[in-house]
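I opened this notebook to record what I looked up, entry by entry, in a single structure. The entries follow the order in which I went through it.

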Amino acid sequence: MSDPLLSILEQYWGYTAFRPLQREAMDAVLARRDSLVVMPTGGGKSLCFQAPALVGDGLAIVVSPLIALMKDQVDTLVGNGVPAACLHSGLSDEARADVLAGIAGGRYRLLYAAPERLVGEGRHALFSRIGRQPVQFIAIDEAHCISQWGHDFRPEYRQLADLRQRWPGVSLHAFTATATARVRRDIVEQLALREPVELIGSFDRPNLVYRVLPRSNLRRQLQDVLARHAHEAGIVYCQSRREVDDLSAWLREQGVRALPYHAGMGDEERHRNQDAFLNEDVDVVVATVAFGMGIDRSDVRFVVHAGAPQSLEHYQQEAGRAGRDGLEAECVLIYSGGDFARWRTMFEQAGGEVEARRALLRDMERYASTVGCRHRFLVSYFGERWEKDGCGACDYCLGELEPVPDAVTVARKILSAVARVGQRFGAAHVINVLRGRPTEAVVQRGHADLSVFGLLGEHSVEQVRGYIDQLLAGGWLRQSEGDYPVLQLTQAGIALMKDPATAPDLALARQRRPQKGRGAGGAREAASWEGVDRDLFESLRVLRLHIARARAVPPYVVFHDTTLRELARVRPSTLEELRHVYGVGQRKADDYGEAILEVIREHCQPTG
Ligand code: ADP
Ligand code: ZN
């Protein structure tokens with residue numbers, strides 16, 4: 001191979017091709033042209049600066065905001081045989097002295113540093129060690145931290161442009177997964193990038209399977225998801241600390257290795273639980289949204305939202321923690337109409353930009369109630385064109401959602417019931433009336449005698465609840481605020497009751513039945529397991545855990561699941577064959593090759 005980048009990719013990472021835009025991004029780095037690269041989580045941003053750092057001479061500096069991210073990346077690099085180190089406040093004095101000496105001695109090709117190490121008073125220690133050594137370029141990871149419009153504003157990022165005073169000729173390369181134009185502009189301005197190459201990747205994540213379920217029985221719905229992912233990693237996001245505690249306790253009773261995570265816990269316990277997740281001591285974290293920054297576990301196979309987040313930006317960010325290794329994973333939103341009412345109340349109480357936040361929430365609500373492809377919806381929302389027909393990776397395209405026949409008639413039955421009970425009852429009561437359930441409350445109020453009683457007798461509670469949520473999201477119904485929200489008609493709802501022609505496009509959907517079987521269930525799932533010996537895969541996971549323990553790093557730093565699956569498919573019997581497996585670079589073949597071959601040999605030997 002004559003292409004230096006490709007041979008580096010192959011030698012150190014065991015990869016044989018570039019992901020979309022990686023090549024262009026690396027070329028910009030090698031050409032020392034300032035650049036801004038926007039790629040979705042898992043798109044492969046880090047390689048864009050790591051591989052070029054190995055082409056030229058000198059040190060590449062990487063600015064990164066989080067110790068956990070830095071550590072993972074440096075551990076991975078070192079495991080691949082790349083001389084790299086990091087400088088941050090978490091180091092012991094001894095470790096710091098060692099790193100600084102290494103810098104002075106020109107030992108590293110990549111140096112990760114927290115922004116405080118590069119700006120303000122903190123910079124002198126570092127600058128003096130670098131001295132006159134050539135600096136190849138400066139990469140700024142998570143560059144959206146520079147913008148107040150992003151989600152993790154870090155004031156020190158604002159001063160990074162000053163690095164040009166120290167190294168005038170050095171190029172700056174900004175990387176982020178935050179796509180909004182405002183943040184992008186901010187990054188270019190604040191870093192004073194000079195005619196930057198701008199590379200904006202596609203934000204579709206084809207390996208994620210999206211599903212949306214109207215909340216009926218949360219625990220049962222969770223069980224359905226978990227049943228598809230026994231012993232796999234997942235995150236369950238809840239809206240309240242109490243729900244976090246309840247659900248994680250309940251999951252443990254069910255035999256799931258789960259731990260809670262929320263801001264109400266002490267720092268120490270929170271860290272302990274986070275580490276347990278990263279080190280594969282537990283499979284599931286039940287968390288409030290406080291959990292996430294710095295979660296780099298790449299084999300998260302499912303993310304469940306028990307309750308709708310406040311915007312699609314939030315949803316994308318949180319759900320996006322699934323499947324970073326590129327393998328199939330699923331993102332399930334379990335929502336109810338009440339979630340949105342609660343957010344609105346919170347916005348009112350918080351004041352400020354209420355209208356903007358309401359608008360974002362409405363889009364979230366539209367996503368939840370849409371009867372169409374979820375990938376298309378998300379991609380269009382984030383400003384991209386969607387060219388494909390079916391995605392093969394959402395509940396709609398997988399045929400799990402069934403359009404309700406004659407939706408307008410069903411909708412009008414529901415609206416009539418709301419009107420007939422005087423717009424003074426909540427969803428549960430209206431559902432009982434529509435399904436013809438003569439509960440005490442229904443009989444007492446005389447609602448069993450209404451003409452709407454039993455009109456939807458053949459639909460399940462979940463289904464009718466789902467329709468009501470969809471009518472709420474579509475603006476036909478609304479829910480009053482307060483502790484006992486009641487259903488009311490909107491103007492549009494009243495118009496529809498009078499005249500069915502006012503809603504020609506109204507569609508309602510219901511779940512066919514919970515998806516059974518193993519795995520996320522998309523079209524790619526089967527392909528990714530094709531020919532994989534599952535038992536061998538599990539044995540290799542055990543080996544990986546041993547290696548990780550011995551090296552005191554998280555298992556995903558040793559090998560990704562992708563590589564383990566490939567090993568369990570190819571079943572190499574020599575080091576040479578092993579070297580050609582995806583994700584096995586020279587260093588890893590040297591370090592772990594024999595151990596891997598041993599496991600494969602043992603496994604493939606006929607017993608008896
Ligand atoms: P990001 O920082 O954009 O979220 P990463 O850089 O962590 O993404 O990359 C995600 C995963 O994809 C990592 O496991 C990485 O090793 C892998 N990866 C990156 N580039 C390639 C490639 N060209 N071929 C195969 N795997 C890749
Ligand atoms: Zn789809």
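**Entry 1, a strand pair.** I began with Val63 and looked for its bridge partner in strand 4, which turned out to be Ala113. The two strands concerned, strand 2 (residues 59-63) and strand 4 (residues 110-113), run parallel and are joined by four bridges. I note here that I am working with a predicted model.

**Entry 2, the sheet around that pair.** I then asked in which order the strands of the sheet follow one another. I found an open sheet of seven strands in the order 3-4-2-5-6-1-7, with parallel pairing. Strand 3 (84-87) and strand 7 (197-200) each have a single partner strand and stand at the edges, so one side of each is left without a neighbour in the sheet. On average, and with direction ignored, I read a turn of 15° between neighbouring strands of this sheet.

**Entry 3, helices on the sheet.** Next I looked up which strands helix 2 (residues 22-30) lies across, and I noted strand 1 (35-38), strand 5 (135-140), strand 6 (171-176) and strand 7. Relative to strand 7, helix 2 runs at about 160°. Helix 5 (residues 93-104) also packs on the sheet, where it touches strand 3 and strand 4, and its direction makes about 125° with that of strand 3.

**Entry 4, salt bridges.** I searched the whole structure for salt bridges and obtained 32. I wrote down three of the pairs in detail, beginning with Asp98 and Arg107, whose closest N and O atoms are 3.7 Å apart. Asp98 is partly exposed at 42% relative accessibility, and Arg107 is likewise partly exposed, with a relative accessible area of 44%.

For Arg297 and Asp299, whose side chains meet in a salt bridge at 2.7 Å from N to O, I wanted to know whether Arg297 is buried or exposed. Arg297 counts as buried, at 1% relative accessibility, and Asp299 is buried too, with a relative accessible area of 4%.

The third pair is Arg601 and Glu598, which meet through their side chains at 3.3 Å, N to O. Both belong to helix 26 (residues 586-604), and because they are three residues apart there, about one helical turn separates them. I noted Arg601 as partly exposed at 42% relative accessibility and Glu598 as partly exposed with a relative accessible area of 38%. I then followed shared partners through the salt bridges and found one network that joins Glu280, Arg297, Asp299, Arg301, Asp325, Arg544 and Asp561.

**Entry 5, the zinc site.** Which atoms coordinate the zinc ion (ligand 2)? I listed the SG atoms of Cys373, Cys391, Cys394 and Cys397, at 2.2 to 2.4 Å. The angles among the four donor atoms are 104 to 119°, and the site of the zinc ion (ligand 2) is tetrahedral. Along the chain, the donors follow the spacing C-x17-C-x2-C-x2-C.

I looked separately at Cys373 and Cys394, a pair that lies 21 residues apart and links distant parts of the chain. Cys373 sits in the loop between helix 14 (354-369) and helix 15 (374-381), whereas Cys394 sits in the loop between helix 15 and strand 14 (401-403). I recorded both Cys373 and Cys394 as buried.

Technical notes. Residues numbered from 1 in each chain as written. Chains lettered and ligands numbered in written order. Predicted model: local features only at pLDDT ≥ 70, side-chain atom pairs only at ≥ 80, totals over all residues. Heavy atoms only, no water. Pairing = 2+ DSSP bridges. Axes fitted to C-alpha atoms, helices over the stretch in contact; angles between N-to-C directions. Contact = heavy atoms within 4.5 Å. Buried < 20%, exposed > 50% of the residue type's maximum accessible area, 1.4 Å probe, protein only. Donors = N, O, S within 2.8 Å, 3.2 Å for Na, K, Ca; no water. Tetrahedral: all angles 85-135°; square planar, octahedral: opposite > 155°, others 65-115°.
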